[in-house]
Amino acid sequence: IEQALGAGPLAGKRVIVTSGPTQEPIDPVRYISNHSSGAQGTAIARALAGLGAEVVFVTGPAQVAPPPGVEVVRITTAQQMLDAVQAALPADAAIFAAAVADWRVAEVAGSKMKKTEGALPTLSFAENPDILATISQMKKGRPALVVGFAAETDDVLANATAKRARKGCDWIVANDVSPGTGTFGGSENTVHIVREDGVEDWPRMGKQEVADRLARRIAEALHG
Ligand code: CTP
Ligand code: CA
């Protein structure tokens with residue numbers, strides 16, 4: 001309703017959200033990807049739009065449909081995701097919830113690789129651009145607030161704190177995705193907001209509730 005009225009605490013603010021997995025081709029019929037459903041990124045885009053933000057939603061091939069009321073940019077690879085994010089700038093904030101493939105296949109075969117008796121293929125990899133780090137470290141035109149995510153299975157807070165410093169983003173939303181926590185692919189999340197001045201532990205809650213809280217924090221930060 002706030003968005004429909006052009007009101008809400010994020011009215012007039014432009015926010016980029018990345019979401020879902022990327023797919024990195026091996027040949028015309030095969031790819032490397034991951035299990036990201038796009039649920040958390042979609043929930044965040046929905047929450048931001050609900051507070052009146054103009055949202056550019058850059059998404060890989062996710063299982064969850066994009067929310068209404070956002071500009072959807074569909075991409076496949078990490079390089080395409082970076083290009084789309086850069087094309088969407090300038091923005092007041094950028095939230096990087098996508099599970100970007102760290103590597104791509106160095107030489108994508110132009111035609112389908114065939115199974116040949118007694119010979120196994122070998123794949124060589126190249127590193128993908130780090131979208132979060134690239135945007136965080138922009139010298140000119142950096143969004144005022146850059147938020148990354150860290151899904152960790154071990155030493156969640158230590159890894160997320162180091163990741164925040166390494167990438168140069170403002171906040172890291174860290175969560176424990178160890179088997180047994182049920183977060184990966186589930187509907188709930190237990191997150192920690194890692195900032196320069198300390199860590200905030202949020203209780204376990206639904207992914208939409210995480211998104212709603214985060215969107216309110218983003219609105220406060222952009223006005224503070
Ligand atoms: N990210 C990104 N571009 C990449 C890799 C990651 O923008 N090529 C972003 C993700 O969207 C997330 C954050 O960086 O917001 C952290 O991603 P993560 O995979 O946890 O970090 P990595 O630095 O890739 O470290 P690792 O996978 O080794 O834990
Ligand atoms: Ca990674």
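**Close-up views of a predicted model**

**View 1. Packing around helix 1.** In this predicted model, the buried residues of helix 1 (buried meaning under 20% relative accessible area with a 1.4 Å probe, protein chains only) pack against strand 1 (14–19), strand 4 (54–59), strand 6, strand 9 (145–152), strand 11 (188–189) and helix 5 (207–223), where contact means heavy atoms within 4.5 Å. Helices (H or I, at least four residues) and strands (E, at least two) are DSSP runs numbered from the N terminus. Nine of the twelve residues of helix 1 are buried, so the helix is largely enclosed by the rest of the structure; among them are Ile 44, Ala 45 and Leu 48. Just after helix 1, Gly 52 adopts a positive phi of about 100°.

**View 2. The open sheet.** Eight strands form an open sheet in the order 5-4-1-6-9-10-12-13, with mixed pairing, two strands being paired if DSSP finds at least two bridges between them. Its edge strands, strand 5 (71–74) and strand 13 (198–201), each pair on one side only. Strand 1 and strand 4 run parallel and are joined by six bridges, with Ser 19 partnered by Thr 59 of strand 4.

**View 3. The calcium ion.** Asp 102 provides the protein donors (OD) of the calcium ion (ligand 2), at 2.5 Å; donors are N, O and S atoms within 2.8 Å of the metal (3.2 Å for Na, K and Ca), and the site may look incomplete because water is not among the atoms. Asp 102 sits in the loop between strand 6 (93–96) and strand 7 (103–105).

**Conventions.** Residues are numbered from 1 along each chain as its sequence is written, while chains are lettered from A and ligands numbered from 1 in the order in which they are written. Local features need pLDDT of at least 70, side-chain atom pairs count only at pLDDT 80 or more, and totals for chains, interfaces and linings use all residues, while side-chain values use heavy atoms, leaving out hydrogens and water.

Key
Buried < 20%, exposed > 50% of the residue type's maximum accessible area, 1.4 Å probe, protein only.
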